[in-house]
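Thanks for sharing this one. Here are a few notes to read alongside the coordinates, starting with the sheet and moving on to the rings.

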Amino acid sequence: MPTVTFKGKTYEVDEDGFLQDPESWDEDFAYYVKEEEGISELTDEHWKVIRYLQEYYKKNGIAPMVRIMTKVTGYKLKQIYELFPSGPGKGACKMAGLAKPTGCV
Amino acid sequence: MAEMVANRITDIGPPKYDEMWPEIIKNNYGKWLHHEILEPGVLVHVAESGDKLYTVRCGATRLMTTHMVEDYCKIADEFCGGYFRFTTRNNVEFMVTSTEKLEGLKKALAAAGNMPIGGTGHSVTNIVHTQGWVHCHTPAIDASGPVKSVMDALFDYFTSMKLPAQVRIALACCLNMCGAVHCSDIAILGVHRKPPVIEHSHLDKMCEIPTTIASCPTAAIKPSKVDDFKSVAVNADRCMYCGNCYTMCPAMPLADADGDGIAIMVGGKVSNSKCMPKFSKLAIPYIPNEPPRWESTVKAITTILEAYVSGAKRYERIGEWIERIGWERFFDVTGFEFTKRHIDDYRFAATTWRTSTQFKW
Ligand code: SF4
Ligand code: SF4
């Protein structure tokens, strides 16, 4: 399994940079993805989305549908893309340490 | 924001469809009077203005190198003012405006050796197919391999127009059915015969368990704790190996060299001519995977085609022919075995059973 090292910590990831084990997530991992995604700064808005995704995943065992995420966070999809240029899946879910999206993506 | 989005161009869509039209198409758009098939693979369209557009259709492998595309471009540059197009069945069409150019074009294509002219009228044209072992992660069979084998065997039907009606063949390497297998005269479909293997130690880490459970059409999956791992259990008696759970959950692979193979379906169509569009139906539940030539599959398809040629009336598609003679007769004339696997047992199955005394011995 490939690993990435960031700020002295090592994370197991897959070839797309998604965490292998959601349990190994910590805030530094979000900063690692921020670098990778070319996001200049993690704002409160970023954290609001990340925390919401984690909370929903913990409670329901799945990532929320985009409509639910936008409704609860109050950010329109356009704003989500402004925060996470790769979008809610490859950007936000990866940063939040959720499992990689599957299906015919 | 950072470099990633600086200078990023988005939402520009494809180039407008008419940007790459040859002059003659631009001039006669919406003003065509009639067309004719001059010979297998060669069409002429006549416009109100009297303009004539000759089209030569060539078989193509769909999966091709940039070198192959360059070869097409060279032909197009030499004869067609730089224009050519691809059809909805991934054939290539070159268009010219005079019979002299048409003859030159035909010669050049014949000389190329890998641009066979055909696919028009009552023929077997290109096979709509998928990724197979070239690129996808859920296939039960290959795509390019079987397609090459079948087209080799049916090549004579590609370059002639001697069938009762056009025969559309499609292939999908799993029952996601990317493409047209569910609505083709003859369909080649990759199927599994074994339930998924469950990788308990990391299933919960890689997969959303509720999504995985919801992906099963027969509700064979339930949540389960195995050796302290949060995971799922599959009731093998309910599983029909569709592989949908693997699509959603990478920890449930089911590809299997011995189990996987081909199902053949027949009788589908999309056009509205004469009868409504039809779904294709199961003719052979399982043929083993036989790379690299898939002999048994090729033989089965040839059998269907030959029975159809000798039994069908003019203009009758395979599905219309079978419905006219009856499915029991179809199994008679092809010699295919009819098994319990042919009998629908999914949800609205009863609508496909026979509720009549009409049948042939
Ligand atoms: S039919 Fe199945 S295996 Fe083939 S390309 Fe589509 S999803 Fe992949
Ligand atoms: S292979 Fe299909 S039927 Fe079997 S458990 Fe998976 S989703 Fe259900």
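1. A definition to begin with: two strands count as paired if DSSP finds at least two bridges between them. Please keep in mind that this is a predicted model. In chain B, strand 6 and strand 7 (residues 186–191) run in the parallel sense and are joined over four bridges. One of the partnerships links Ile169(B) to Ile186(B) in strand 7 of chain B.

2. Stepping back, strands 6-7-10-11 of chain B, in that order, make up an open sheet of four strands with mixed pairing. Strand 6 (169–172) and strand 11 (281–288) of chain B each have a single partner strand, so one side of each is left without a neighbour in the sheet. From one strand to the next, the twist averages 20 degrees.

3. Helix 11 (residues 327–334) of chain B packs on this sheet, where it touches strand 10 (261–266) and strand 11 of chain B. The directions of helix 11 and strand 11 of chain B make an angle of about 35 degrees.

4. Now the aromatic rings: the count over all chains is 21 aromatic pairs. Trp321(B) and Phe330(B) form an edge-to-face pair, with 6.0 Å centre to centre and 80 degrees between the planes. Both Trp321(B) and Phe330(B) are buried. They belong to one aromatic cluster together with Tyr308(B), Trp327(B), Phe331(B), Phe336(B) and Phe338(B).

5. Two charge-over-ring contacts may interest you too. The charged end of Arg193(B) sits over the ring of Tyr286(B), 3.5 Å from its centre. Lys162(B) lies over the face of Tyr157(B), at 5.5 Å from the ring centre.

How values were computed. Residues numbered from 1 in each chain as written. Chains lettered and ligands numbered in written order. Predicted model: local features only at pLDDT ≥ 70, side-chain atom pairs only at ≥ 80, totals over all residues. Heavy atoms only, no water. Helix = DSSP H or I, 4+ residues; strand = E, 2+ residues; numbered from the N terminus. Axes fitted to C-alpha atoms, helices over the stretch in contact; angles between N-to-C directions. Contact = heavy atoms within 4.5 Å. Phe/Tyr/Trp six-rings, centres within 6.5 Å; stacked < 30°, edge-to-face > 60°. Buried < 20%, exposed > 50% of the residue type's maximum accessible area, 1.4 Å probe, protein only. Lys NZ or Arg CZ within 6 Å of the ring centre and 35° of its normal.
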